[in-house]
Amino acid sequence: MDSLPLLMEGFAGAFTPTNLLWVVVGCLLGTAVGVMPGLGSSMAVALLLPMTFALDPTAAFILFAGVYFGGLFGDSTMAILMNTPGQASAIASTFEGHRMALDGRAPQALATAAIGAFIGGIIASTIVVFFAPTLAELSRYFGPAEYFALAVFAFIATSSVVSDSVPKGLASLMLGLGISTVGIDAVTGTQRFTMGAPQLFEGVSLITVTVAILALGEVFHVASRARRDNPDLKTRSAGRPWLKWAEFKEAAPAWGRGTVIGLPFGVIPVGGSEVPTFMAYDVERRLDRRRRLPQFGKGAIRGLAAPEAAGNSTTGMAMGALLALGLPVSATAAIMLAAFRQYGLQPGPLLFDRNPDLVWALLASFFIAMVVLLIINLPFAQLWAKLLLIPQPYLYAGIALFCGLGVFATSGRVFDLLLLLGIGLVGFGMRRYGYPLAPLMIGMVLGPLAETSVRDALLSSDGDYAALIDSPITWFIYGLLALVLAFTVRAAVRRKSRQDI
Amino acid sequence: MSTPMTPSSPAQDDALPPAGSGAGPDQGDLPGPTPAGAGTFWHGRSGLIMPVVIVGFSLYILIGVATMDVGDADFPGPQFFPGILGVLGLVLAGIIAAGILRRPEHPENSSGRSWRFHSDFTALGWTVGGFLAFAVLLPWLGWILTGGLLFWSVARGFGSRRPLFDILVGLFMSSVAYLGFSVALGLNLPSGILGGGF
C-alpha cells in the first residue's frame, strides 16, 4: 500500500505547468489523429517518436501517453460517426455504435463511448498503480530463460492470435527479428549482415522501421487505392451528448463487464486490444439474446459500451506491463518501449528503483489524461469531426513530409531515408497482401532481448537446451501460451465448421 | 477502411473468397478493362511477390551467417539466432507460396468497376518517386525545396489536380516545419542552396 504516497508525489510531478501542457497537447494530438479516417494511435505515436527527443524523458512519455489514449478516443468517434475505425481495436465499436448514429442517436453513442473509455482507463490505471510495483518485484526472479520464455510468448501469441493466417503472422515476425539482428553483435562484437557499410554498424534504427512500417507504408497503401475506393464521408446529426439516467443505467453493467474482460489482456500479449474488444462485444450480444426485448442490431447501447471500456482497460494495463516487465503487448507499446531505450531507460524493476520520478509522474499523468480526454471528447466530439474537411491529398502529403522530417532529423543521413523508403515499400506489400504488422514491430523490439537471453541461458548451461524450461516461471509462461494457442485453434476450427454449414 | 464488416469475423475482414477456379468471383461482371493476366496462371497470384521478398531476405541472412567472421566464439555464437531465422524464413515462404498456388487471392474491390491492376500504380509511382527524389536531392536542394517537392508529388499521387496551389501549400508546410524544428527545436535540417551553398 506504499503506492499511494508515491502516486501523490507523481501527481505533484505531473501537475507542473509544462507537464500538464504536454498531457493536454498529447491528448489533443492523439484525438486529432485518431479522428482522421484510417489513422490510428499507433501511427500518431510512430510519427511523434522522432520529435520527442527534443524533450526531457518525463515530458516525452507524458506526451506519448496522451497521444496513445487520445488516439483510442478519437478512433471510436470516427468508428461511430463514419463507420471508419482507425485501428482494429475500434472495429467492434462500429457495429452497434454506427447503428446508433444512423438512428439519430449519435450524441448518445459518442457519450457512451467516451464514458466507457474513461471508466476502463481509470480502473486499469488504478490497478496498474497498485499492481505494477508487485509485478516489477516479481520480475526480479526472471533470469535469461524466463525472459526468453516471455519473448517467445509475445512472438507466438501476437503472430498467431490476431492474424487470419498463421504463416503470414510468423513471416512478419521473422522479418522483424531478422532486421533486429543487423549490426554489430552485442555479445561478441562480430559484424552481422552489414555488407561492410558503416551506416549499418549500429543496426537498423527502430525509428526508421517504425515510421516506415506504420506511417509511410500506410501512405503508399492508401495511395494505391485512394482514387478508386471513395468512402462516403458525411457527418450526421448534432445535439448535446448527454445520456439520460435510464440510458446510463442500461450501459453501466456493460461498462463494468467490458473493463473486466479487457484487464487481463493488458498483460497477455495477443496483439493489443482487438481481441478483448471483440470478446466484450460478443459477451454482450449473447447476454442480449436472453433478454425479453433484444436490442442488438438496432443500436444497442451495451454493444458499444462494453468494447469501449474493454479497449481502454487493456491499453491501461498494457502500460503497466510495459513499465513493470518491459513487455510490449501491441505495436504501439512496442514503440513506447523503443522510446524508453532511446533515452537509455530499461523498463522493468530497475526503472522503478532508478527513475521513480518518471514512473510515478507517468502513472499520474494517465489519470490526468483520462480526465482531459473526457473533457475534450464528451462535449466537443462533433467539433472533432470537422477535421474531416482537410482534403485527403494534403493530409497524406503532410504525413509523408512528417515521415521524412522525423527520420532525417534523428539520423541526419540520406541512407536512412532510402532505408525508410525500402522498408516502407515492404510495409505496403504487407498491407496489400494481408500480413499483420504488429508481429514485425514486436519482433524488432524484443528480438535483441530474445537473442541475448537465449544465448546467455545456453552459454551458462553449456549448450543444454533443458535449461530453457527448468524453472516454474517458465513452465507457467509456456503453459499459458499453450492455453492461448488451444483457444485460438478452437476458435478457428469453430469458424471453419460454421462456414461449411 | 470503410467496408462494413460482419461482427462474427474479427480478423477476417480481408479474408479470402472461397477457393474456386482461377478466375475472379465477380470481377467479370464489372465494367472497365480486363484485369492484367486474367485467365492466366498469374491471376490472383501476384501475392507470390511476398514469399520472394522473404526468401531473398532469408538467403541474405543465411549467406551472412555462412560468411561471418566469428573468431572463436562459444557455442551459441552470433550465428546461432540468425541461422534459425533464415531457415524459418525459407520454410514459411514455402508454406505461404504453396497456399497462394492452391487458392489464388482476390482482394476486395468496392469501386464498382474492374481495373487492370488492383493497386493504382500511377498514384504509387508519384508517391514513391516523390519520396525517392526527396531523399536523394535533400542534401543539395535543402529541406524547404525538397519538402515542397515531396508534398506536391504525394498530393498529386492522391489525385489533387492543382499543381501551383499544391506547390505553394507544400512550400508553406516545409517552411513551417523548418522554422519549427530547425530554428526553434534545434534539429539539424539542411538549408541547401537556399542557405547560400553546400
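**Group meeting: a walk through chains A and B**

Okay, let's start with one residue: Glu96(A) has a relative accessibility of just 1%, so Glu96(A) counts as buried. Before I go on, keep in mind that this is a predicted model. Where does Glu96(A) lie? Glu96(A) belongs to helix 5 of chain A, the one covering residues 91-138. And what does Glu96(A) touch, once you skip residues up to four places away in sequence? The list is Tyr281(A), Gln295(A), Phe296(A), Gly297(A), Lys298(A), Gly299(A), Ala300(A), Gly303(A) and Leu304(A).

Next up, Val426(A). That residue has its place in helix 17 of chain A, residues 414-432. Buried or exposed? Neither, really: Val426(A) has a relative accessible area of 25%, so Val426(A) goes down as partly exposed, because buried needs a value under 20% and exposed one over 50%. Leave aside the neighbours within four places in sequence, and Val426(A) is in contact with Leu175(A) and also with Met50(B), over on chain B. There's also a pairing across the sequence here: Gly217(A) is 209 residues away from Val426(A) along the chain, yet their C-alpha atoms are 7.4 Å apart in space.

While we're on chain A, the domains. The assignment gives domain 1 in two pieces, 3-142 and 240-414, and then domain 2 at 471-501. Take the C-alpha centres of those two domains of chain A, and they lie 27 Å apart.

Now, rings. How many aromatic pairs does the structure hold over all chains? There are 22. One of them is Phe117(B) with Phe121(B), an edge-to-face pair with 5.4 Å between centres and 85 degrees between the planes. Phe117(B) comes out at 43% relative accessible area, so Phe117(B) is partly exposed. Back on chain A, ring pairs tie Phe61(A), Phe64(A), Phe340(A) and Tyr343(A) together as a cluster. And for those of you who like a charge over a ring, Lys168(A) lies over the face of Tyr435(A), 5.3 Å from the ring centre.

On to chain B as a whole. Its secondary structure is five helices and zero strands, so to speak an α-α-α-α-α run from the N terminus on. Of the 198 residues in chain B, 38% are buried. If you look at contacts with a separation of 6 or more in chain B, 66% of them come from residues 24 or more positions apart. The chain exposes about 10,300 Å², and carbon and sulfur atoms supply 67% of that.

What does UniProt list for chain B? An unreviewed entry there gives "transmembrane region" for residues 48-68, 80-101, 121-152 and 164-187. I checked two of those spans in the model. Residues 80-101 of chain B are 100% helix and 0% strand, with the end C-alpha atoms 32 Å apart. Residues 121-152 of chain B are 97% helix and 0% strand, and there the end C-alpha atoms are 17 Å apart.

Last bit: domains in chain B. Domain 1 is 43-102 and domain 2 is 121-195. Their centres, taken over C-alpha atoms, are separated by 37 Å.

That's my tour. Happy to pull up any of these residues on screen.

Methods:
Residues are numbered from 1 along each chain as its sequence is written. Chains are lettered from A and ligands numbered from 1 in the order in which they are written. This is a predicted model: local features need pLDDT of at least 70, side-chain atom pairs count only at pLDDT 80 or more; totals for chains, interfaces and linings use all residues. Side-chain values use heavy atoms; hydrogens and water are left out. UniProt positions are given in the numbering used here, feature names are shortened, and annotations may be inferred rather than shown by experiment. Helices (H or I, at least four residues) and strands (E, at least two) are DSSP runs, numbered from the N terminus. Domain bounds come from an automatic or database domain assignment. Buried means under 20% relative accessible area, exposed over 50%, partly exposed in between (1.4 Å probe, protein chains only). Contact means heavy atoms within 4.5 Å. Accessible areas come from the Shrake-Rupley method with a 1.4 Å probe; for residues, only the protein chains shown count as cover. Rings of Phe, Tyr and Trp (its six-membered ring) pair if their centres lie within 6.5 Å; planes under 30 degrees apart count as stacked, over 60 as edge-to-face and the rest as tilted. A charge sits over a ring if NZ of Lys or CZ of Arg is within 6 Å of the ring centre and within 35 degrees of the ring normal.
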